[in-house]
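Welcome! Please take a moment to look over the sequence and the model below before reading on.

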Amino acid sequence: MRRALYFLCLLLAACNIPLSPTATTEPPSANPTDTPSTGFQPCYYVWAYQDLPEISARVDEAVKSVVSDAEAGARAFGEDCVFEDGTRRFGAMETDFLIGVPVDDLADDEAIGQIIEKILPVFAEFPPGVVPGPNVGRAEFSFTHGSEIRYVRFSIKDGLQALAEGLRGAALLHKLEQK
């Protein structure tokens, strides 16, 4: 296992993938008073999410300003670098947005498309650089009626592009559901 991690780190270094500036090339010291050397420590990567409470509050406020009964939040998607000692370091790749909206009819594509149409421009206020990660994230809408739920997931880039192309209402929804 240790050898596989070593070769993984060599590969990452060859690909110029940054690792923690505080990690070490040596295994953790048995003596906690020893000072670590500079370099990197091998780790393995796993997909992970990280809650973003402050950004979620701002997103929720912005979404409620256009659809008052909606609820919204944000979370970063990326990878945890897990070290041998079990500690983790998160690296964000994108910020994804979660939106919940109650509706009268889950089969009303026009009404659902109009809600998406109203909310989509809000995401332009939260581009990479303002939110964690270098990539534009995804939107996940959950439309609810009683105990039933209809999910619509799509790339924010695709959503904003569809709006720019003039798609509205049901046509917008259908385009985004194809992605």
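This report looks at the nonpolar core, a disulfide and a serine.

This is a predicted model, in which local features need pLDDT of at least 70 and side-chain atom pairs count only at pLDDT 80 or more, while totals for chains, interfaces and linings use all residues. Residues are numbered from 1 along each chain as its sequence is written, and side-chain values use heavy atoms, leaving out hydrogens and water.

Let's begin with the core. The largest nonpolar core (buried Ala, Val, Leu, Ile, Met, Phe, Trp, Tyr and Cys residues joined through side-chain atoms within 4.5 Å) has 35 residues, and Phe123 is among those with the most contacts inside it. Helix 3 (109-123) is one of the elements that each supply at least two residues of this core, and the largest share, 7 residues, comes from helix 3. Phe123 touches Phe97, Ile99, Ala139, Phe141 and Ile156, not counting residues up to four places away in sequence; such contact means heavy atoms within 4.5 Å.

Next comes the disulfide (cysteine sulfur atoms within 2.5 Å). Cys43 is joined to Cys81, with an S to S distance of 1.8 Å. Cys43 lies in strand 1 and Cys81 in strand 2, 38 residues apart. The S-S torsion is about -110°, so this disulfide is left-handed.

Three residues count as buried, meaning under 20% relative accessible area with a 1.4 Å probe and protein chains only:

| Residue | Relative accessible area |
|---|---|
| Cys43 | 0% |
| Cys81 | 7% |
| Ser155 | 15% |

Finally, the side chain of Ser155 reaches the backbone nitrogen of Lys157 at 3.2 Å.

Key:
Buried means under 20% relative accessible area, exposed over 50%, partly exposed in between (1.4 Å probe, protein chains only). Helices (H or I, at least four residues) and strands (E, at least two) are DSSP runs, numbered from the N terminus. A polar contact is a pair of N or O atoms within 3.5 Å; within protein, one must be able to donate a hydrogen and the other to accept it, and residues adjacent in sequence count only if both atoms are side-chain atoms.
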